[in-house]
Amino acid sequence: MLTAFDAVLTAMAYAATALAVFAIVWAGFVLMAEGSDSRSAGRARNAVAGALLGLVLVLSAKAIALALRGGIVPIP
(Lines give C-alpha, C1' and ligand atoms only; values in the text may rest on other atoms or scores of the structure.)
Protein backbone atom coordinates (compact mmCIF):
# COMPACT_ATOMS: atom_id res chain seq x y z
CA MET A 1 0.00 0.00 0.00
CA LEU A 2 2.78 2.42 0.87
CA THR A 3 4.58 1.61 -2.37
CA ALA A 4 1.51 2.46 -4.41
CA PHE A 5 1.02 5.70 -2.48
CA ASP A 6 4.67 6.62 -3.06
CA ALA A 7 4.30 5.88 -6.78
CA VAL A 8 1.25 8.14 -6.99
CA LEU A 9 3.07 10.96 -5.20
CA THR A 10 6.06 10.56 -7.49
CA ALA A 11 3.82 10.77 -10.56
CA MET A 12 2.15 13.85 -9.10
CA ALA A 13 5.55 15.46 -8.51
CA TYR A 14 6.57 14.88 -12.12
CA ALA A 15 3.25 16.18 -13.43
CA ALA A 16 3.38 19.25 -11.17
CA THR A 17 6.91 20.03 -12.31
CA ALA A 18 5.91 19.81 -15.95
CA LEU A 19 2.82 21.96 -15.39
CA ALA A 20 4.80 24.54 -13.41
CA VAL A 21 7.37 24.84 -16.20
CA PHE A 22 4.58 25.22 -18.75
CA ALA A 23 2.83 27.89 -16.64
CA ILE A 24 6.05 29.87 -16.19
CA VAL A 25 6.80 29.73 -19.91
CA TRP A 26 3.21 30.75 -20.68
CA ALA A 27 3.48 33.68 -18.27
CA GLY A 28 6.67 34.74 -20.04
CA PHE A 29 4.87 34.71 -23.38
CA VAL A 30 1.98 36.72 -21.94
CA LEU A 31 4.39 39.24 -20.46
CA MET A 32 6.28 39.61 -23.75
CA ALA A 33 3.13 39.82 -25.87
CA GLU A 34 1.38 42.42 -23.77
CA GLY A 35 4.39 44.65 -23.24
CA SER A 36 4.15 47.25 -20.51
CA ASP A 37 0.45 46.84 -19.73
CA SER A 38 0.29 46.67 -15.93
CA ARG A 39 -2.82 44.46 -15.90
CA SER A 40 -1.14 41.79 -18.04
CA ALA A 41 2.04 42.03 -16.03
CA GLY A 42 0.00 41.35 -12.90
CA ARG A 43 -1.68 38.40 -14.58
CA ALA A 44 1.70 36.95 -15.59
CA ARG A 45 3.08 37.49 -12.09
CA ASN A 46 0.07 35.72 -10.58
CA ALA A 47 0.53 32.80 -12.98
CA VAL A 48 4.17 32.39 -11.90
CA ALA A 49 3.25 32.66 -8.22
CA GLY A 50 0.48 30.09 -8.60
CA ALA A 51 2.73 27.69 -10.46
CA LEU A 52 5.45 27.93 -7.84
CA LEU A 53 2.95 27.61 -4.98
CA GLY A 54 1.43 24.49 -6.52
CA LEU A 55 4.86 22.98 -7.09
CA VAL A 56 5.87 23.64 -3.48
CA LEU A 57 2.61 22.10 -2.25
CA VAL A 58 3.07 18.88 -4.22
CA LEU A 59 6.75 18.56 -3.36
CA SER A 60 6.05 19.14 0.33
CA ALA A 61 3.45 16.36 0.25
CA LYS A 62 6.10 14.08 -1.24
CA ALA A 63 8.61 15.14 1.44
CA ILE A 64 6.12 14.51 4.25
CA ALA A 65 5.32 11.06 2.87
CA LEU A 66 9.02 10.22 2.64
CA ALA A 67 9.56 11.41 6.22
CA LEU A 68 6.72 9.22 7.45
CA ARG A 69 7.87 6.21 5.46
CA GLY A 70 11.51 6.56 6.51
CA GLY A 71 10.62 6.69 10.19
CA ILE A 72 11.82 10.25 10.72
CA VAL A 73 8.39 11.20 12.01
CA PRO A 74 6.77 8.42 14.07
CA ILE A 75 3.29 7.33 13.03
CA PRO A 76 1.04 7.14 16.13
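## What counts as buried

Buried means under 20% relative accessible area, exposed means over 50%, and partly exposed is whatever falls in between. Take L9 as a starting case: its relative accessibility is 7%, so L9 counts as buried. Keep in mind throughout that this is a predicted model.

## The overall picture

The protein has 2 helices and 0 strands. Helix α1 covers residues 2-34, and helix α2 covers 38-70. Of the 76 residues, 22% count as buried.

The accessible surface comes to about 5600 Å², and 76% of that belongs to carbon and sulfur atoms. As for contacts, take the ones between residues at least 6 apart in sequence: 69% of them join residues at least 24 apart.

## The core between the helices

Which residues make up the largest nonpolar core? There are 6 in all: A13, A16, A20, A51, L55 and V58. The elements that give two or more residues to this core are α1 and α2.

L55 is a handy residue to click on here. Setting aside neighbours within four places in sequence, L55 is in contact with A16, T17 and A20. Two of the names in that list, A16 and A20, are core members too.

## Around L9

Back to L9, which sits in helix α1. With residues up to four places away in sequence left out, L9 touches A61, K62 and A65. V58 is worth a look as well: the C-alpha atoms of L9 and V58 are separated by 8.0 Å, though the two residues are 49 apart along the chain. V58 is also one of the residues in the largest nonpolar core.

## A salt bridge with a buried lysine

Side chains of opposite charge can pair when their charged atoms come close. How many salt bridges does a search of the whole structure find? The search turns up 1. D6 forms a salt bridge with K62, and the closest N and O atoms are 2.7 Å apart. This pair links distant parts of the chain, with D6 in helix α1, K62 in helix α2, and their positions 56 residues apart.

So is K62 buried or exposed? With a relative accessibility of 15%, K62 falls under the 20% cut-off and therefore counts as buried. Leaving out neighbours within four places in sequence, K62 is in contact with D6, L9 and T10. That list includes its salt-bridge partner, D6, and also L9, which is itself buried at 7%.

## The aromatic pair

A search of the whole structure finds 1 aromatic pair. The rings belong to F22 and W26; their centres are 6.5 Å apart and their planes are at 25 degrees, so the pair counts as stacked. The angle is what decides the label here, because planes under 30 degrees apart count as stacked.

Why are these two rings separated by about one helical turn? F22 and W26 are 4 residues apart in helix α1, which means about one helical turn lies between them. F22 has a relative accessibility of 54%, over the 50% cut-off, so F22 counts as exposed.

## The nonpolar surface patch

Both members of the aromatic pair turn up again on the outside. V21, F22, V25, W26, F29 and M32 make a nonpolar surface patch of about 690 Å².

F29, another residue of this patch, is found in helix α1. What does its accessibility make of F29? At 49%, F29 is under the 50% that exposed requires, so F29 counts as partly exposed. C-alpha to C-alpha, F29 and A44 are 8.7 Å apart in space, with their positions 15 residues apart in sequence.

## One more look at helix α2

L52 lies in helix α2. Its relative accessible area is 42%, so L52 counts as partly exposed. The C-alpha atoms of L52 and L19 are separated by 10.0 Å, and the two residues are 33 apart along the chain. Next to L52 in the numbering is A51, which belongs to the largest nonpolar core.

Methods
Residues are numbered from 1 along each chain as its sequence is written. This is a predicted model: local features need pLDDT of at least 70, side-chain atom pairs count only at pLDDT 80 or more; totals for chains, interfaces and linings use all residues. Side-chain values use heavy atoms; hydrogens and water are left out. Rings of Phe, Tyr and Trp (its six-membered ring) pair if their centres lie within 6.5 Å; planes under 30 degrees apart count as stacked, over 60 as edge-to-face and the rest as tilted. Buried means under 20% relative accessible area, exposed over 50%, partly exposed in between (1.4 Å probe, protein chains only). A nonpolar core is a set of buried Ala, Val, Leu, Ile, Met, Phe, Trp, Tyr and Cys residues joined through side-chain atoms within 4.5 Å. Contact means heavy atoms within 4.5 Å. Patches are made of residues with over 30% relative accessible area and no salt bridge: like charges are joined within 9 Å, nonpolar side chains (Val, Leu, Ile, Met, Phe, Trp, Tyr) within 5 Å. Accessible areas come from the Shrake-Rupley method with a 1.4 Å probe; for residues, only the protein chains shown count as cover. A salt bridge is a side-chain nitrogen of Lys or Arg within 4 Å of a carboxyl oxygen of Asp or Glu.
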